[in-house]
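Biologist: Let us go through this model label by label. I will ask where each label comes from.

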Amino acid sequence: MARSKYITHFCAYCHKETKMEAVGGKAVEANGTESLRVWFRCQRCKHSALIDRSVPASKSAVADLTRESATEYAATKVFTIGEAIYHSEWDDLGRVIAKNRTSGGVQAITVSFQKLGERKLVENLRADALSDAAQV
Ligand SMILES: [Zn+2]
């Protein structure tokens, strides 16, 4: 399957969705799960981000999620791909489908929500950085 050289992705430096160009990467196969981590460079600010494009199909289903089995989202927590989360502010359940790390060390997760669809959220945020918007 051909992958586009360009993607639209949230840039932690621009604090907005920007056009990013693939500048390198590698496909890794471990435990039967395809992992594709690719460096993308923001066309606006030229910062690079290592983006994990792997989405385990068996872990992407969100229809059967329940609030009891989901972890409540907080920007200071750390999540894993496939983990079910509950966003109390949005009252929505979702599943982590990707994890991203920018060259600046900001960690983010891409979550597929039942009602809102795909949203990006920060994770592993230091408490003293909470003044920045929790939603990316
Ligand atoms: Zn940028």
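Biologist: How do the residues of the lining of the largest cavity divide into nonpolar, polar and charged?

Modeller: This is a predicted model, so the answer is computed from predicted coordinates. The lining of the largest cavity has eight nonpolar residues, four polar and one charged. There are 13 lining residues, and those nearest the centre of the cavity are H9, F10, N100, T102 and A108. The space inside comes to about 90 Å³.

Biologist: Which strands each supply at least two residues of that lining?

Modeller: β1 (6-11), β4 (48-52), β7 (92-102), β8 and β9 (117-123) each do so.

Biologist: How many cavities of 30 Å³ or more does the count come to?

Modeller: Two. The second largest holds about 40 Å³. Its lining residues are F10, C11, A12, Y13, M20, F40, H47, S48, A49 and T102. β1 and β4 are the elements that give two or more residues to this lining. The lining of the second largest cavity divides into seven nonpolar residues, three polar and no charged.

Biologist: What makes such a space a cavity?

Modeller: A 1.4 Å probe fits there but cannot get out.

Biologist: C11 is in that second lining. Which residues coordinate the zinc ion?

Modeller: C11, C14, C42 and C45, each through its SG atom, at 2.2 to 2.4 Å. The cut-off for a donor is 2.8 Å, so these sulfur atoms count. Along the sequence the donor residues follow the spacing C-x2-C-x27-C-x2-C.

Biologist: Why is the site of the zinc ion called tetrahedral?

Modeller: Look at the angles among the four donor atoms: they are 104 to 115 degrees. Four donors count as tetrahedral if all angles lie between 85 and 135 degrees. The values are inside that window, so the site is tetrahedral. The ideal angle for four tetrahedral donors is 109.5 degrees.

Biologist: Take two of the donor residues. Why is C42 called buried?

Modeller: Its relative accessible area is 0%. Buried means under 20%, so C42 is buried.

Biologist: And why does C45 count as partly exposed?

Modeller: C45 has 26% relative accessibility. Partly exposed runs between the buried limit of 20% and the exposed limit of 50%, so C45 falls in that class.

Biologist: What does the secondary structure of the protein come to?

Modeller: Zero helices and nine strands. Of the 136 residues, 39% count as buried. Take the contacts between residues at least 6 apart in sequence: 36% join residues at least 24 apart.

Biologist: Where is T110 found, and which residues does T110 touch?

Modeller: T110 is in strand β8 (residues 107-113). Leaving out residues up to four places away in sequence, T110 touches R95, V96, I97, A98, N100, E118, R119 and K120. A contact here means heavy atoms within 4.5 Å. At 6% relative accessibility, T110 is under the 20% limit and so counts as buried.

Biologist: I97 is one of those contacts. Is I97 buried or exposed?

Modeller: Buried, because 9% relative accessibility is under 20%. I97 is in strand β7. The C-alpha atoms of I97 and E83 are 8.2 Å apart, with their positions 14 residues apart in sequence as the separation.

Biologist: What makes L121 a buried residue?

Modeller: Its relative accessibility is 0%, under the 20% cut-off, so L121 counts as buried. L121 lies in strand β9. L121 and Q107 are 14 residues apart along the chain, and their C-alpha atoms are separated by 8.8 Å.

Biologist: Now the backbone. What is the phi of H15?

Modeller: Phi of H15 is near 60 degrees, a positive value in a residue other than glycine. Most residues other than glycine have a negative phi. H15 sits in the loop between β1 and β2 (16-30). At 56% relative accessible area, H15 is over the 50% limit and is therefore exposed.

Biologist: What is the phi of N124, and where is N124 found?

Modeller: N124 has a positive phi of about 55 degrees, and it is not a glycine. N124 is found in the segment after β9. At 38% relative accessibility, N124 lies between 20% and 50%, so it counts as partly exposed.

Key
Residues numbered from 1 in each chain as written. Predicted model: local features only at pLDDT ≥ 70, side-chain atom pairs only at ≥ 80, totals over all residues. Heavy atoms only, no water. Donors = N, O, S within 2.8 Å, 3.2 Å for Na, K, Ca; no water. Tetrahedral: all angles 85-135°; square planar, octahedral: opposite > 155°, others 65-115°. Buried < 20%, exposed > 50% of the residue type's maximum accessible area, 1.4 Å probe, protein only. Helix = DSSP H or I, 4+ residues; strand = E, 2+ residues; numbered from the N terminus. 1 Å grid on protein atoms, 1.4 Å probe; cavity = no way out; pocket = protein on both sides within 12 Å on 5 of 7 lines; lining within 4 Å. Points joined across faces, edges and corners; volume = space filled by probe spheres on them. Nonpolar A, V, L, I, M, F, W, Y, C, P; charged D, E, K, R; others polar.
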